[in-house]
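The following exercises concern a pocket and a single residue. Please examine the sequence and the model before reading each solution.

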Amino acid sequence: DELSKLTNIEVTNDGPNISVSVSGLMIVSGIDTFEMSIARTADSQGVGSISINIGDKNVKTLNITGGVLGGLMNVYNDDITNQIDMMDTQVLTLVDEVNALHQTGFALDGTTGLNFFKSSSVGSANIDIDSVIAGDHNKIASSDTLGVPGNGGIARSIAGLRDAQLIGTETINEHYRLMIVQLGGRIQQSAFLKSSQEKVVGYLQLRRDSVAGVSMEEEMTLMMQLEQSFAAAAKMVQIADEMTRTLLALI
């Protein structure tokens, strides 16, 4: 029972031996058990996946599809990764677009061609201001005309990116809202499925208890039936005895 809550298992009974397997791979065979381990991969941003393996030399990966482990692995390997990918798309798009505009602008001292964000940014985990800009704010290229540092043309263009369709036909704000809506939908769907499955499990538990356990109502009913049958049989024996006595008296 406890193991079935963690993952999808198959149980076979061969006489006195009980075997438990996950997707065809044996984890318990009689008195023998096979150790399981967790393997994790991660990239430079710490994003990766986890798997559960079995065996020491001939290592095989278990196909975990259900239970608590299956849910946790699905969230870690798929849901979180998808959310991070969508955030990285927004961040990298913003970095590229802002840098492209900033390179065409002019700073207070006339400097041009500088990035606003680090060109080495690869996602939301390491986005940062370019070291030149961070060291000297006068290098921010807010003007679009050389010699006119205060016109703010580039600054207005950068602010206008908020309403520009930069990710397909969506703005960055629309893409962010879509990400939040999808996340909320997944949470709501999971809550609905959890409630439905709990009802199914409750029904199956009642069915199992009715087979494996003792029902007092059924036992009382059966006892009453047997009692009535015994009384009827006793009455028949009594009538047969009286008939025999009557016949003997007539002879």
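A pocket is an open set of grid points, on a 1 Å grid over the protein atoms alone, with protein on both sides within 12 Å along at least five of seven lines. The structure is a predicted model.

**Exercise 1.** Determine how much space lies in the largest pocket and which elements contribute to its lining.

*Solution.*
Step 1. The space in the largest pocket amounts to about 860 Å³.
Step 2. Its lining comprises 26 residues, and those closest to the centre are Lys-5, Gly-66, Gly-67, Gly-70 and Gly-71.
Step 3. Two or more lining residues come from each of α1 (2-6), α2 (67-103) and α5 (172-212).
Step 4. Helix α5 supplies the largest share, eleven residues.
Step 5. By residue class, the lining consists of 13 polar, eight nonpolar and five charged residues.

**Exercise 2.** Establish where Thr-145 is placed, and decide whether Thr-145 is buried, partly exposed or exposed.

*Solution.*
Step 1. Thr-145 lies in the loop between α3 (131-135) and α4 (153-160).
Step 2. The relative accessible area of Thr-145 is 36%. Buried requires under 20% and exposed over 50%, so Thr-145 is partly exposed.

**Exercise 3.** Identify the residues that Thr-145 contacts, leaving aside neighbours within four places in sequence, and the partner in its side-chain polar contact.

*Solution.*
Step 1. With those neighbours set aside, Thr-145 is in contact with Phe-106 and Asn-151.
Step 2. The side chain of Thr-145 forms a polar contact of 3.1 Å with that of Asp-144.
Step 3. Asn-115 is 30 residues from Thr-145 along the chain, and their C-alpha atoms are 17 Å apart.

Notes. Residues are numbered from 1 along each chain as its sequence is written. This is a predicted model: local features need pLDDT of at least 70, side-chain atom pairs count only at pLDDT 80 or more; totals for chains, interfaces and linings use all residues. Side-chain values use heavy atoms; hydrogens and water are left out. Helices (H or I, at least four residues) and strands (E, at least two) are DSSP runs, numbered from the N terminus. Buried means under 20% relative accessible area, exposed over 50%, partly exposed in between (1.4 Å probe, protein chains only). Contact means heavy atoms within 4.5 Å. A polar contact is a pair of N or O atoms within 3.5 Å; within protein, one must be able to donate a hydrogen and the other to accept it, and residues adjacent in sequence count only if both atoms are side-chain atoms. On a 1 Å grid over the protein atoms alone, a cavity is a set of points where a 1.4 Å probe fits but cannot get out, and a pocket is an open set with protein on both sides within 12 Å along at least five of seven lines; lining residues have an atom within 4 Å of a point. Grid points are joined across faces, edges and corners, and a volume is the space filled by probe spheres set on the points. Ala, Val, Leu, Ile, Met, Phe, Trp, Tyr, Cys and Pro count as nonpolar, Asp, Glu, Lys and Arg as charged, and the others, Gly among them, as polar.
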